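These are my notebook entries on a structure that is new to me. I set down what I looked up, in the order in which I looked.

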Amino acid sequence: MCLALPALVKDVLPDDLALVELGGVTKEISLALVEDVVAGDYVIVHVGYALSKVDPAEAAKTLALFAEMSAAVQ
């Protein structure tokens, strides 16, 4: 099973790289598999690679569900 999460692109860097933020953590990822990504986009990230762009409303719903699940187990 794979887990891929939506992350907010904070900055697009040279060499098909980007800085993304997810849950307060900033991480450098590869954009080699996705075209036309700009700061402010949401991308689905798995093992350091953006797999696709995702609609901001859909990203918000997904992140809210993960937050709800996290709160339920605490």
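**Entry 1: Ser-30.** I began with Ser-30, which belongs to strand β3, residues 25-30. I note that the model is a predicted one. Is Ser-30 buried or exposed? I found a relative accessible area of 12%, so Ser-30 is buried, the cut-off for that class being under 20%. I then looked up its contacts, setting aside neighbours within four places in sequence. Ser-30 touches Asp-16 and Leu-17, and also Gly-48, Tyr-49 and Ala-50.

**Entry 2: Salt bridges.** How many salt bridges does a search of the whole structure find? I recorded two.

**Entry 3: Asp-41 and Lys-53.** One salt bridge joins Asp-41 to Lys-53, with 3.6 Å between the closest N and O atoms. I looked up where the two partners sit, and the pair links distant parts of the chain. Asp-41 is in the loop between β3 and β4 (42-46), while Lys-53 is in strand β5, residues 49-54. The two are 12 residues apart. I then checked accessibility for each partner. Asp-41 has 17% relative accessibility and therefore counts as buried. Lys-53 has a relative accessible area of 42%, so I entered Lys-53 as partly exposed.

**Entry 4: Lys-61 and Glu-58.** In another salt bridge, the side chains of Lys-61 and Glu-58 meet at 3.5 Å, N to O. Why are Lys-61 and Glu-58 separated by about one helical turn? I noted that both lie in helix α1, residues 56-72, and that the separation is about one turn because they are three residues apart there. For Lys-61 I found 52% relative accessibility, so Lys-61 counts as exposed, the class that begins over 50%. Glu-58, with a relative accessible area of 37%, is partly exposed.

**Entry 5: Lys-10.** I turned next to Lys-10, a residue of strand β1, residues 5-13. Its relative accessibility is 48%, so I listed Lys-10 as partly exposed. Which residues does Lys-10 contact once neighbours within four places in sequence are left aside? I wrote down Leu-19, Val-20, Glu-21 and Ala-39. I followed up Ala-39, which lies 29 residues from Lys-10 along the chain. The C-alpha atoms of Lys-10 and Ala-39 are separated by 5.1 Å.

Methods
Residues are numbered from 1 along each chain as its sequence is written. This is a predicted model: local features need pLDDT of at least 70, side-chain atom pairs count only at pLDDT 80 or more; totals for chains, interfaces and linings use all residues. Side-chain values use heavy atoms; hydrogens and water are left out. Helices (H or I, at least four residues) and strands (E, at least two) are DSSP runs, numbered from the N terminus. Buried means under 20% relative accessible area, exposed over 50%, partly exposed in between (1.4 Å probe, protein chains only). Contact means heavy atoms within 4.5 Å. A salt bridge is a side-chain nitrogen of Lys or Arg within 4 Å of a carboxyl oxygen of Asp or Glu.
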